[in-house]
Amino acid sequence: MKKTSRVKKPVEKVIKTGIPHTPPSIHYQPISMQRNFYKAHPWHGIQIGDEMPKIVTAFIEIVSTDTVKYEIDKETGYLKIDRPQKFSNIVPALYGFLPQTYCGEITAQFAREQSGKEIEKGDGDPLDILVLSERTITHGDIICQAIPIGGIRMIDKGEADDKIIAVLKGDSMYGGWTDISQCPKPIIDRLVHYFLTYKNIPGEEKVAVDIDEVYGAEVAHQIILKSREDYRNLVG
């Protein structure tokens, strides 16, 4: 009687790495290998969002309970310690930046036109954002969806350094706001006071920071779009 040859099925093996291995003809790829092992760079690798400038993705560096000022390291994408908070001044909102934005010449020119003041250039950083929320967020290094409602036109040492003001999307207290006119004045005053004083050290000469204007959502949207143009010019 003639023997029939059996086709051997490929057997999955485990090699030293601990990752299952089978012959390439199977085209088998373990689920673990389909994961992205690399963290996206917060400035360049995270999308600002399809609905921007009305809804944006914000990267949060600092929260109100932080006793150290953190900021993104532009080269590595990791948070780094900028300086300890030596005095009682704390940021009164979630504080971070908008991915894939840049405060360059286009942003600076808009600030010149709006303020009528001499502004040398943009500050060379991603566009800053403050996000208001009723909830206590315990740490930074996170992303969130935010709705820009306005902003603060700040001129720091002759450089345009706008601060977009936004509300956390879905927030039960602030989430329904769409413009700065809906924000109570004491909240705005607190934000403005922070930026007027956060660099000042008792006994030393005060740092000259010019708060030119607090503006609404329409202007904030324009600044976001212009910072996007600056970013495209930066990265080519």
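This passage walks through the fold, a central strand, the main pocket, the aromatic pairs and a few backbone oddities of a predicted model.

Local features are taken only where pLDDT is at least 70 and side-chain atom pairs only at pLDDT 80 or more, while totals for chains, interfaces and linings use all residues. Residue numbers run from 1 along each chain as its sequence is written, and side-chain values rest on heavy atoms, with hydrogens and water left out.

The chain holds three helices and twelve strands (DSSP runs numbered from the N terminus: H or I of at least four residues for helices, E of at least two for strands). Of its 236 residues, 44% are buried, that is, under 20% relative accessible area, with exposed meaning over 50% and partly exposed in between (1.4 Å probe, protein chains only). Among contacts (heavy atoms within 4.5 Å) with a separation of 6 or more, 70% join residues 24 or more positions apart.

Strand β9 (residues 142–156) is a good place to start. Twelve of its 15 residues are buried, so β9 is largely enclosed by the rest of the structure. Strands count as paired if DSSP finds at least two bridges between them. On that basis β9 runs antiparallel to β12 (residues 209–216) over seven bridges, to β11 (residues 163–168) over six, and to β3 (residues 56–62) over five. Ile 152 of β9 bridges to Lys 163 in β11 and also to Val 214 in β12, while Ile 143 is the β9 partner of Phe 59. In a regular strand the side chains alternate between the two faces of the sheet.

β9 also pairs with β10 (residues 159–160), again antiparallel, through two bridges; Asp 156 is matched there with Glu 159. These two strands make a hairpin with two residues between them. Lys 157, in that turn, has a positive phi of about 55 degrees, and this residue is exposed, with a relative accessible area of 64%.

Gln 100 likewise has a positive phi of about 55 degrees without being a glycine. Gln 100 sits in the loop between β6 and α1 (105–115) and is buried, at 10% relative accessible area. Another backbone feature is the cis peptide bond from Met 52 to Pro 53, with omega near 10 degrees; Pro 53 lies in the loop between β2 (20–21) and β3.

Next, the largest pocket. A pocket here is an open set of points on a 1 Å grid over the protein atoms alone, where a 1.4 Å probe fits, with protein on both sides within 12 Å along at least five of seven lines; lining residues have an atom within 4 Å of a point. Its volume is about 420 Å³, counted as the space filled by probe spheres set on the points, which are joined across faces, edges and corners. The lining has 20 residues, with Lys 69, Glu 71, Asp 123, Asp 125 and Asp 128 nearest the centre. By class there are 14 charged, six nonpolar and no polar residues (nonpolar: Ala, Val, Leu, Ile, Met, Phe, Trp, Tyr, Cys and Pro; charged: Asp, Glu, Lys and Arg; polar: the others, Gly among them). β4 (68–72), β5 (79–84) and β6 (94–97) each supply at least two lining residues, and β4 gives the largest share, four.

Finally, the whole structure contains eight aromatic pairs (Phe, Tyr and six-membered Trp rings with centres within 6.5 Å; planes under 30 degrees apart are stacked, over 60 edge-to-face, the rest tilted). One of them, Tyr 194 with Phe 195, is edge-to-face, at 5.0 Å centre to centre and 80 degrees between the planes. Both residues, Tyr 194 and Phe 195, are buried, and ring pairs link them with Tyr 95 and Tyr 198 into a cluster.
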